[in-house]
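I opened my notebook today to get to know a new structure. Come along and look things up with me.

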Amino acid sequence: QVQFVESGGALVQPGGSLKLSCVASKNISSIYQMGWYRQAPGKQFKELVAHIYGANAPSYEAFVKGRFTMSRDNTKNMIFLQMKDLEPEDTAVYYCNSIPYNPWGQGTRVTVSS
């Protein structure tokens, strides 16, 4: 199993930016597909935000496309999510995980509010 630790979440004003990081406990170069997910307050399930297959360009859900950028650094066993033009609707706990899933980490909380 691989464990993930997310960081970088914060309180930010609408229109602001944040960069989230996720470090894996093992080498992720053999993990073909990685994703960022989020769980909004009061929502029962996590939703996919972005995912990346190997060295291919990342894919994004429509509600973040053009605002979020996902990247991975296999040499550091890390993936990143650069977020800009944040909206209150982006408020959530953000998680990274492989596909298929490994155990979920604690996530990192992003709050977008004035």
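These entries go from one sheet to a disulfide, then to a loop residue and a strand.

**Entry 1: the sheet with E1**

I started by reminding myself that this is a predicted model. Then I looked up an open sheet of 4 strands, and I found the order E1-E3-E8-E7 with antiparallel pairing. At its edges I noted strand E1 (4-7) and strand E7 (68-73), each of which pairs on one side only. I also checked the turn between neighbouring strands of this sheet, which is 15° on average, with direction ignored.

Next I followed E1 to its partner. E1 and strand E3 (residues 18-24) are antiparallel and share 4 bridges. Across this pair I found Glu6 opposite Cys22 in E3, and I found Ser21 in E3 as the bridge partner of Ser7.

Which side chains of E1 point to the buried face? I saw an alternation here: Phe4 and Glu6 point to one face and are buried, whereas Val5 and Ser7 point to the other face and are not buried.

**Entry 2: the disulfide**

Cys22 had come up opposite Glu6, and I wanted to know what else Cys22 does. I found that a disulfide joins Cys22 to Cys96, with 1.8 Å from S to S. The count of disulfides comes to 1. This pair links distant parts of the chain, as Cys22 is in strand E3 and Cys96 is in strand E9, 74 residues apart. I looked up the handedness too: with 50° about the S-S bond, the link of Cys22 and Cys96 is right-handed.

Are the two cysteines buried or exposed? Cys22 has a relative accessible area of 2%, so I wrote it down as buried. Cys96 has a relative accessible area of 0%, so Cys96 is buried as well.

**Entry 3: Gly105**

I then moved on to a loop. Gly105 lies between strand E9 (92-98) and strand E10 (108-112). Why does Gly105 count as buried? Its relative accessibility is 17%, and the cut-off for buried is under 20%, so Gly105 falls on the buried side.

Which residues does Gly105 touch, leaving aside those up to four places away in sequence? I listed Phe4, Glu6 and Tyr95. Phe4 and Glu6 were already in my notes as the buried side chains of E1. I also looked at Gly105 and Cys22: they are 83 residues apart in sequence, and 9.6 Å apart in space from C-alpha to C-alpha.

**Entry 4: Arg38 and strand E4**

My last stop was Arg38, in strand E4 (residues 33-39). How many residues of E4 are buried? I found 7 of its 7 residues buried, so to speak a mostly covered strand. Gln33, Gly35, Tyr37 and Gln39 point one way from E4, Met34, Trp36 and Arg38 point the other way, and all are buried. Arg38 counts as buried because its relative accessibility is 5%.

I checked the partners of E4 as well. E4 runs antiparallel to strand E5 (residues 47-53), joined by 6 bridges, and E4 is also joined to E9 by 6 bridges in an antiparallel way. The bridge partner of Arg38 is Glu47 in E5 and Tyr94 in E9. I came back to Tyr94 once more: its side chain makes a polar contact with the side chain of Arg38 (3.0 Å). Not counting residues up to four places away in sequence, Arg38 touches residues including Phe45, Val49, Phe68, Asp90 and Tyr94.

Key: Residues are numbered from 1 along each chain as its sequence is written. This is a predicted model: local features need pLDDT of at least 70, side-chain atom pairs count only at pLDDT 80 or more; totals for chains, interfaces and linings use all residues. Side-chain values use heavy atoms; hydrogens and water are left out. Helices (H or I, at least four residues) and strands (E, at least two) are DSSP runs, numbered from the N terminus. Buried means under 20% relative accessible area, exposed over 50%, partly exposed in between (1.4 Å probe, protein chains only). Contact means heavy atoms within 4.5 Å. A polar contact is a pair of N or O atoms within 3.5 Å; within protein, one must be able to donate a hydrogen and the other to accept it, and residues adjacent in sequence count only if both atoms are side-chain atoms. Two strands pair if DSSP finds at least two bridges between them. Axes are lines fitted to C-alpha atoms, for helices over the stretch in contact, and angles run from 0 to 180 degrees between N-to-C directions. A disulfide is a pair of cysteine sulfur atoms within 2.5 Å.
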